[in-house]
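Work through the exercises below with the sequence and the model open. Each task is followed by a solution in steps.

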Amino acid sequence: MSRALAFVVDSAPAAAGVRGRRIHFVDLLRLVASFQMIVGHTVDALLAESLRSGPVYDGWTWVRGLTSVSFMVAAGLSFHLSTLARFEAHVSDRSKVIARFRRGGWLMLVGYLLHFPAGIFGGDAAAAMREFLIADVLQCIGLCIVMLEGITVLSRGPRRVVMISAALAALFFFVAPLTDGIDPSGPWRFALNYLTHRGGSLFPLAPWAGYVFAGVVLGAVALPHGTRTDARLPLPRLLGASALVCLLGYAVGLGPALAEGAHHNASPGFNLLKMAVVFALIALLAVAERPITRLPKPLSILAGETLTLYAFHLLVLYAGGVGLYRLVGHSLSLPAAIGAALGMLGLTCAVGLAWHRAKKRRRLARG
């Protein structure tokens, strides 16, 4: 298996004279996921309870579930492009290595701050602390980045990082049914929340880290030479990866059912099928990017400000006592909820662009 993967990764040389280019479909994936995240969270926070049923709502909920998968696969793809495709330059630059570890730690810190236990100052302090200690999407991605950087520093070359990533992706997907039965109560709650949904964690490592590590493998297969990969290569490999993962997901889904009470996201077959759909979406975006020589500047900026978009819209929706969810609740009609979601999308994007400009001015002021 490892030899076959190594052959796929290394079998397509960069075309002679091909210069580094922007891989737009990765930016497009971030944008699609970000916009769906903002709209989805807003509608979910405000839509009336009476409208939360039926095949249309169920289908929309399933599509929403692909948003987090897309973000995590994009994180793995980005790691491949920024690090493994430039392996020697990265590992030889101590400042880049330190910056990557800091980035992972910063994401984890922001993840915990977004669940700050305000309830300890009044209300149910125990419940507030349980909420604070869960593993959310930023903690999961941040810890994956730290793990990937550690593996990269200790490895002799990018191929080994890809092989380890493939093994870890399989591990996190297939141990999820076992780890999801862990009871995280007790003094080890902080650590155990990274293994199970049972303590309230939305994104424990099993299975969610599997998508990040799978994204690294997908990057190595579809873009073996990073931004210098022949532009004709990614599409057939993305489609092939989607078909292969889809078949594997169906095969795994024929196995034993999950134990009673297990979280649906602990199912390896279900997770593989979701990943196959996201791989197919990336292939579609690879087709859409072909006529694009350069993304409009606002879109390019927003693709790099996903953390700002994520944090801002969550604060507006859920900030303790003053967020829209607290003020409005599940009370809006479908047109009103969609209107609120579009307004939230516009406001959040405006804040993302303003934040980018503020950071740029600060860098210029520093010289």
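**Exercise 1. Helices α2 and α3**

Task: Find how far apart the axes of α2 and α3 are and at what angle they cross, then sort the contact residues by class.

Solution. This is a predicted model.

Step 1. The axes of α2 and helix α3 (residues 55-82) come within 9 Å, and the crossing is at roughly 145°.

Step 2. In this crossing, α2 passes α3 in a left-handed sense.

Step 3. On the α2 side the contact is formed by V26, L29, R30, A33, S34, Q36, M37, G40, H41, V43 and D44. On the α3 side it is formed by Y57, W60, V63, R64, T67, S70, F71, A74, L77, S78 and L81.

Step 4. Sorted by class, the contact of α2 with α3 holds 12 nonpolar, 7 polar and 3 charged residues.

**Exercise 2. Helices α2 and α12**

Task: Describe the packing of α2 against α12 and state whether α2 is oblique to α12 or parallel to it.

Solution.

Step 1. Helix α2 (residues 24-46) packs on helix α12 (residues 268-288) at an angle of about 120°, and their axes are 9 Å apart.

Step 2. An angle that is neither under 35 degrees, nor over 145, nor from 65 to 115 counts as oblique. Therefore α2 is oblique to α12.

Step 3. The crossing in which α2 passes α12 is right-handed.

Step 4. From α2 come F25, L28, L29 and V32, which meet L281, I282, L285 and A286 of α12. By class, the contact of α2 with α12 has 8 nonpolar residues, with no polar and no charged ones.

**Exercise 3. Helices α10 and α12**

Task: Locate P207, give the form of the peptide bond that leads from A206 to P207, and describe the packing of α10 with α12.

Solution.

Step 1. P207 belongs to helix α10 (residues 205-222).

Step 2. The A206 to P207 peptide bond is cis, with omega near 15°.

Step 3. Helices α10 and α12 pack with their axes 11 Å apart, at an angle of about 35°. Their crossing is right-handed.

Step 4. P207 is one of the α10 residues in this contact, together with W208, Y211, A214 and L218. Their partners in α12 are N271, K274, M275, F279 and I282. The contact of α10 with α12 divides into 8 nonpolar residues, 1 polar and 1 charged.

**Exercise 4. T42 within α2**

Task: Is T42 buried or exposed, and which backbone oxygen lies 2.7 Å from a polar atom of its side chain?

Solution.

Step 1. T42 sits in helix α2.

Step 2. The relative accessible area of T42 is 1%. Buried means under 20%, so T42 is buried.

Step 3. The backbone oxygen is that of I38, at 2.7 Å from a polar atom of the T42 side chain.

Step 4. Not counting residues up to four places away in sequence, T42 touches L317, A340, A341 and M344.

**Exercise 5. E305 in a loop**

Task: Place E305 between its two helices, then list the side chains with which E305 makes polar contacts.

Solution.

Step 1. E305 lies in the loop that runs between α13 (297-303) and α14 (306-318).

Step 2. With a relative accessible area of 4%, E305 is buried.

Step 3. The side chain of E305 makes a polar contact of 2.9 Å with that of T308. A polar contact of 3.5 Å joins the E305 side chain to that of H356.

Step 4. Leaving out residues up to four places away in sequence, E305 touches G352, W355, H356 and K359.

**Exercise 6. G111 and P158**

Task: For G111 and for P158, decide whether the residue is buried or partly exposed, and find the residues that each touches.

Solution.

Step 1. G111 lies in helix α5 (residues 94-113). G111 is buried, with a relative accessible area of 3%.

Step 2. Not counting residues up to four places away in sequence, G111 touches L138 and Q139. The C-alpha atoms of G111 and C140 are separated by 9.0 Å, while the two residues are 29 residues apart along the chain.

Step 3. P158 is in helix α8 (residues 158-179). P158 has a relative accessible area of 32% and is partly exposed.

Step 4. With residues up to four places away in sequence not counted, P158 touches L84 and F87. From P158 to K359 the C-alpha to C-alpha distance is 33 Å, across 201 residues in sequence.

Terms used
Residues numbered from 1 in each chain as written. Predicted model: local features only at pLDDT ≥ 70, side-chain atom pairs only at ≥ 80, totals over all residues. Heavy atoms only, no water. Helix = DSSP H or I, 4+ residues; strand = E, 2+ residues; numbered from the N terminus. Buried < 20%, exposed > 50% of the residue type's maximum accessible area, 1.4 Å probe, protein only. Polar contact = N/O pair within 3.5 Å; in protein donor to acceptor, adjacent residues only side chain to side chain. Contact = heavy atoms within 4.5 Å. Axes fitted to C-alpha atoms, helices over the stretch in contact; angles between N-to-C directions. Left-handed = near helix turned anticlockwise from the far one by under 90°. Nonpolar A, V, L, I, M, F, W, Y, C, P; charged D, E, K, R; others polar.
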